[in-house]
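Q: I'm new to this one and would like to learn how to read it. Can we go through it feature by feature?

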Amino acid sequence: MVVASRTSASFAVLFVATATAIALLQDVPKPMAITIDPVVTGTTTPANPLVAQATDADAPRVVAGLGVVEPMGGATDVAPGMVGVLATVLADEGDRVTRGQVLAQLFNEDLKAKVAQAEATVQIKRAQLALIEKGPRQQEILQAEAQLRAEESNLKLLEVQFQRRRSLAAQGAVSREDMNQAASALASSRERRASAAEALKILQDGSRPEEVEAARGEVALAENQLAEARAALEKSYVRAPIDGIVLRRYREPGEAITSQAAAPVMQIADTSRLIVRTQIDEADIAALAVGQTATISAAAFGERKLTGKVERISPRLGAKTVTAEGPTEKRDTRVLDVMVALPENLVVPINLRVDVLIDVTSVVPVVKPELRGAISASPETLALLQDLDPVHLMQPDACTPGLDAENAARTCPSASAPALVDETRTGAIRHPSRRDE
């Protein structure tokens with residue numbers, strides 16, 4: 001009986017020890033998987049889930065997302081540059097317009113009157129300047145010379161009369177009063193002769209430089225006032241800034257344009273080049289690259305499908321704005337905007353919601369060699385995309401795939417912050433084996 005009890009106790013101890021060992025073995029972390037990296041040097045680096053997504057044969061071949069059709073250059077809301085009341089709206093939705101074409105006009109009769117007044121003032125000031133610059137006419141100089149000769153003749157006559165009267169006064173034949181009158185007339189004649197001589201000299205010398213500069217300043221002032229009046233008048237017109245098509249007409253004649261809120265008259269866009277702004281879930285962004293092909297479908301197309309190409313990839317993650325409006329759709333996820341270019345001159349409604357499938361195998365992203373194994377698929381790392389400078393994503397020339405381990409370690413130091421892929425809106429850097437594709 002005692003032997004049986006001891007045997008049972010031994011088996012119990014052995015069972016507890018075995019269970020403890022199994023538990024400890026389960027808690028021991030498994031060694032990190034190692035993968036051969038042929039792009040760097042052929043050396044071993046820790047397995048990278050983001051790199052594996054671009055190279056693993058089992059990885060998905062397409063990335064799906066929702067998108068909307070937009071003009072490549074965006075849409076522009078046009079409005080007058082001042083407050084007022086709309087007199088006419090000259091374009092409607094769907095009309096094709098050209099750059100500089102008048103689309104709408106405010107009531108501007110008062111502004112036109114100010115422009116006419118300013119134009120008349122400019123004409124007056126310019127004429128005055130021309131008179132001053134040319135100086136006196138030859139006829140005016142001749143007239144002044146004749147006036148001077150007349151004054152000289154009159155002065156000589158008065159001098160003779162004064163001498164005669166002074167002789168008579170000495171004989172007592174002329175009164176003192178007559179003598180004083182003769183002296184006063186002689187003095188006045190001398191003053192008139194001097195004034196006529198100065199007037200002639202002024203005409204002969206022409207305009208003073210100061211007078212010319214003052215006249216030119218008045219002309220410049222009048223011209224600036226005219227330009228101001230014309231600029232105010234131009235603000236009353238709404239002109240097309242680009243060649244395009246009117247997408248929306250917001251206002252009608254008689255409506256007031258106020259400064260309290262934005263009041264565009266219409267929206268225009270150049271629809272000759274269209275893109276699809278596709279929103280890709282943050283879990284799928286590692287495989288994206290500029291140049292990848294995409295297939296676009298929509299209920300409006302039926303069985304027809306369009307083909308596009310990834311032209312730009314936004315460097316910033318953001319909130320989801322395009323939704324399928326389904327009950328099971330996740331709407332709080334963060335997405336990356338990918339611009340897919342459509343064929344030129346394609347006629348598709350703007351803001352049409354489409355489904356986009358991007359073939360991630362058509363162009364394979366290339367991760368910086370010095371960052372292999374340093375990239376984590378954690379949300380913290382993916383969040384780095386929000387403020388990542390596209391310049392820092394470009395692969396340096398010194399970090400070439402042909403370097404050995406020693407040279408690679410020396411010329412390709414690890415970066416302080418991991419970058420995900422070598423393609424942004426600046427362009428894609430393809431895998432060396434795909435350079436000719």
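Q: How are H4 and H5 oriented relative to each other?
A: This is a predicted model, so everything here is read from predicted coordinates. The idea is to compare the directions of the two helix axes; an angle over 145 degrees counts as roughly antiparallel. The axes of H4 and H5 cross at roughly 160 degrees, so the two helices are roughly antiparallel to each other. Those axes come within 8 Å, and the crossing is left-handed.

Q: How many residues does H5 have, and how far does it reach?
A: Helix H5 covers residues 176-205, which is 30 residues. From its first C-alpha to its last it reaches 44 Å, close to the 44 Å expected at 1.5 Å a residue.

Q: Which residues of H5 are buried, and what do they pack against?
A: Start with the general pattern: an α-helix has 3.6 residues a turn, so residues three or four places apart point the same way. In H5 the buried residues are Met179, Ala182, Leu186, Ser189, Ala196 and Leu200. They pack against helix H4, which spans 138-171.

Q: What happens to the backbone just after H5?
A: Look at the phi angle there. Gly206 follows H5 and takes a positive phi of about 80 degrees.

Q: Where else does phi turn positive, this time in residues that are not glycine?
A: The general background is that most residues other than glycine have a negative phi, and most peptide bonds are trans. Here, Asn345 has a positive phi of about 60 degrees although it is not a glycine. Asn351 is another case, with phi near 70 degrees. Asn345 sits in the loop between strand E15 (334-341) and strand E16 (353-359), and Asn351 lies in the loop between E15 and E16 too.

Q: Are Asn345 and Asn351 buried or exposed?
A: The cut-off to remember is that exposed means over 50% relative accessible area. Asn345 has 59%, so it is exposed. Asn351 has 57% relative accessibility and therefore counts as exposed.

Q: In what order do the strands of the barrel come?
A: To read a barrel, follow the strands from neighbour to neighbour until they close up. Six strands do that here, in the order E3-E12-E15-E14-E13-E16, with antiparallel pairing. Neighbouring strands of this sheet are turned by 40 degrees against each other on average, direction ignored.

Q: How many bridges pair E3 with E12?
A: Strand E3 (residues 62-71) and strand E12 (residues 274-281) pair over six bridges, in the antiparallel sense. For one example to find on screen, take Val69: its bridge partner in E12 is Val276.

Q: Which strands stand at the edges of the open sheet?
A: First get the order, then look at the two ends. Four strands form this open sheet, E4-E11-E9-E6, and the pairing is antiparallel. Strand E4 (75-78) and strand E6 (96-97) stand at the edges; each has a single partner strand, so one side of each is left without a neighbour in the sheet. The partner of E4 is strand E11 (residues 266-269), joined to E4 by four bridges and running antiparallel. Within that pair, Val78 stands opposite Met266.

Q: How many residues of E7 are buried?
A: A general point for strands first: in a regular strand the side chains alternate between the two faces of the sheet. Strand E7 (residues 102-106) is mostly covered, with four of its five residues buried.

Q: Which residues stand opposite Gln105 of E7?
A: Check the neighbouring strands in turn. Strand E5 (residues 84-89) is joined to E7 by three bridges and runs antiparallel to it; there, Thr88 stands opposite Gln105. E7 also pairs with strand E8 (residues 237-239), again antiparallel and over three bridges. In E8, the bridge partner of Gln105 is Tyr237.

Q: Where is Asn224, and is it buried or exposed?
A: Asn224 is found in helix H6, which runs over residues 209-234. With a relative accessible area of 53%, Asn224 is exposed. Its C-alpha is separated by 9.3 Å from that of Val122, a residue 102 places away along the chain.

Q: How many helices and strands are there, and how much of the protein is buried?
A: There are eight helices and 18 strands. Buried residues make up 33% of the 437 residues. Contacts tell you about sequence distance as well: among those between residues at least 6 apart in sequence, 79% join residues at least 24 apart.

Notes
Residues numbered from 1 in each chain as written. Heavy atoms only, no water. Buried < 20%, exposed > 50% of the residue type's maximum accessible area, 1.4 Å probe, protein only. Expected span 1.5 Å × (residues − 1). Contact = heavy atoms within 4.5 Å. Pairing = 2+ DSSP bridges. Axes fitted to C-alpha atoms, helices over the stretch in contact; angles between N-to-C directions. Parallel < 35°, antiparallel > 145°, perpendicular 65-115°, else oblique. Left-handed = near helix turned anticlockwise from the far one by under 90°.
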